[in-house]
Amino acid sequence: MSEDGFDLIIHAPNRLKICALLDSVERAEFGVVQERLDVSASVLSKHVGVLMDAGYVKQDKAVRDTRQRVWLLLTRAGREAYRGHVAALHEIVAQASEPAVGGGDA
C-alpha cells in the first residue's frame, strides 16, 4: 500500500468488489460472494488467495448440513486497507474535479 492509501492489491476490480462486499458484513459464504460477483469458483478462489496472502481476507471452514462450507471475512488489516483505498480513490476523483491551475489552452 502506498502512503496515500492507494492499494494495488485491492484495486483489481474483482478484489475491490470482494472487499466492498465483505466490508458490509461480518462474513459471507463463498458461494454467496461468487454469486454476487458473477464469477466462477476458480476466479473467486484466485482473487481470495491474493487477498489472503496480503493478510486482508481470512477463510473459516465448517461442516453444515453435512456439507463443508467456506466463509470469507475481512481481517482488521483488510478493512483498514480497503477503507484507505476507497479514501484514496475519493481523493483522486476530488482532485480531478478541481479547476485546472493556469487556465491555459490544452
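Me: In this predicted model, what do the buried residues of α5 pack against?
Reply: They pack against α1 (8–11), α2 (13–23) and β3. Contact here means heavy atoms within 4.5 Å.

Me: Which residues of α5 are the buried ones?
Reply: Gly78, Ala81, Tyr82, His85 and Ala88. Buried means under 20% relative accessible area, so that's the cut-off these five residues of α5 meet.

Me: How do you know that the buried residues of α5 line one face of the helix?
Reply: Look down the axis of α5: its buried residues fall within an arc of 125°, so they line one face. On the other side, Arg76, Glu80, His90 and Ser97 are exposed.

Me: Why does the span of α5 agree with its residue count?
Reply: Helix α5 (residues 76–97) has 22 residues, and the expected span takes 1.5 Å times one less than that number. That should give 32 Å, and the end C-alpha atoms are 32 Å apart, so the two agree.

Me: OK, over to β3. What makes strand β3 mostly covered?
Reply: Of the 8 residues in β3 (residues 67–74), 6 are buried.

Me: How do you know that β2 and β3 pair?
Reply: Pairing needs at least two bridges. Strand β2 (residues 57–64) and β3 have 8, in the antiparallel sense, so they count as paired. Valine 57 stands opposite leucine 74 there. The two strands form a hairpin with 2 residues between them, and aspartate 65 in the turn has a positive phi of about 55°.

Me: And what makes β1 a partner of β3?
Reply: β1 (residues 28–29) is joined to β3 by 2 bridges, running antiparallel, so the cut-off of at least two is met. Glutamate 29 stands opposite tryptophan 71 in β3.

Note on methods. Residues are numbered from 1 along each chain as its sequence is written. This is a predicted model: local features need pLDDT of at least 70, side-chain atom pairs count only at pLDDT 80 or more; totals for chains, interfaces and linings use all residues. Side-chain values use heavy atoms; hydrogens and water are left out. Buried means under 20% relative accessible area, exposed over 50%, partly exposed in between (1.4 Å probe, protein chains only). Helices (H or I, at least four residues) and strands (E, at least two) are DSSP runs, numbered from the N terminus. The arc is that of the directions from the helix axis to the C-beta atoms.
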